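Subject: Structure handover

Hello,

Here is the structure for your project. My notes on its pockets and cores follow below.

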Amino acid sequence: MPVPAANPRTSRPRPRTLRKRLYGWHSWAGFQLALLSFIVLLSGTLAVLGDEIDWLLDENRRIEAFEGRPAWSAMYATVRDRYPGRPVQMLSLGELPTMAAQARIRLEDGRPRRLFLDPASGAVLGEGHWLSVQRVLRDFHRYLFIIPSGLGLPLVTVVALVLAVQLATGLVTVRKWGSGLVTLRANRGLRVFLGDLHRSTGLWSTWFTALMVVTSLWYFAEWVIHSGGGRAAAPMAAVSAPAGPAARLRPLGDYVAAAERAYPGFEPRSILFPDERRAQLIITGRGGDWLVRDRAARVTVDARDARVLAVQQPGSLTTLEYLADLADPWHFGDVGGLATKLLWFVFGLVLTGLSATGVWLTWRRTRAGPSRWHALSGGMLLVAAVFGTGYVTRYLG
């Protein structure tokens, strides 16, 4: 029986629809840049609870819940007694009531050192080097440790662009959002189940993904502004003052009281001490605007006579300065204390899981192997490891 000739109209492959092309971009970005994305997302997720991890690992950081008035003068005095002749650089309260206060000094060899203090009595609870889980995670997540060259942050921003592509193409290509939010077919095999889980968690985390993209692109904008010689954040030293520290500081309570009188409702959280460049104390804290980080509210005080030189309130900042102080709490979940940090941690795990499941689903569908993009991501991480070695040894000696 003769075989009918093929109809050229029906045998010709159909052109890909816009939805299929967008789905292809979604899969390509998630698969080819998966290694870099997974590492950056995981480090950022852990960095959200970096202080809490340090608190769990180091008993010197733990105190009974403290809500009273900090003994600033006593803390300063005990640090000076423990390290006579070494200038105190900063005193700060813990993020949570059960976290010890901290002092930072610089040793003779130039390395910074932490001291952990009881904010109620000023007693020293312990000490350690400046390196911590929180510091390592934050610097890796933000710069991949490639800090000296200034290229670390732009490289990390690639992940934000990947997330932006994933978010836009994912929202456009998903059909039936309502059912996609709740459908998990566990009886249809692993591939179907992970596909449903990937779609559902991706939809539920849309707000979080968008927030990470926006704040990450803002960090990149800050980097561009800084690279061009500009500044987005308000300078710490709000006013000029005679150079050089005061010969002898007054009791710290005098400076704190002066700041509180000049700024009603101000809650001091940290004190930056004078150095060879300025004779000022800069007191930062909470000033009524819970959307921004603590340093947005600050009072600059003359170290010699406790005279208030400047008061900065969040409402007095320029738009760029306000955005600079707005980004960190919303990127790392500090905006609402431990409750929002835990929420950010959970959704960070969701984003990290989306990266992993997306790779597996794409591989199951295409059987694609490693490519030059995977090699490029691996090369970035290798460079980060090299810089990380120098980063760690710089602090540990």
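Which residues does Leu 144 touch, not counting residues up to four places away in sequence? They are Leu 36, Val 40, Asp 139, Leu 155, Val 156 and Ala 384. Contact here means heavy atoms within 4.5 Å.

This is a predicted model: local features need pLDDT of at least 70, side-chain atom pairs count only at pLDDT 80 or more, and totals for chains, interfaces and linings use all residues. Numbering runs from 1 along each chain as its sequence is written, and side-chain values use heavy atoms, without hydrogens and water.

**Cores**

A nonpolar core is a set of buried (under 20% relative accessible area, 1.4 Å probe, protein chains only) Ala, Val, Leu, Ile, Met, Phe, Trp, Tyr and Cys residues joined through side-chain atoms within 4.5 Å. The largest has 37 residues. Leu 36, Leu 144, Met 212 and Leu 351 touch the most other members. H10 gives the largest share, six residues. Another core lies apart, with 28 residues, including Ala 297 and Val 301.

**Second largest pocket**

A pocket is an open set of points on a 1 Å grid over the protein atoms alone, where a 1.4 Å probe fits, with protein on both sides within 12 Å along at least five of seven lines; lining residues have an atom within 4 Å of a point. The second largest holds about 1100 Å³. Its lining counts 44 residues, and Tyr 23, His 26, Gly 195, His 198 and Arg 199 are the closest to its centre. Helix H13 (338-366) is among the contributing elements and gives the most, nine residues.

Best wishes

Definitions and conventions. Grid points are joined across faces, edges and corners, and a volume is the space filled by probe spheres set on the points. Helices (H or I, at least four residues) and strands (E, at least two) are DSSP runs, numbered from the N terminus. Buried means under 20% relative accessible area, exposed over 50%, partly exposed in between (1.4 Å probe, protein chains only).
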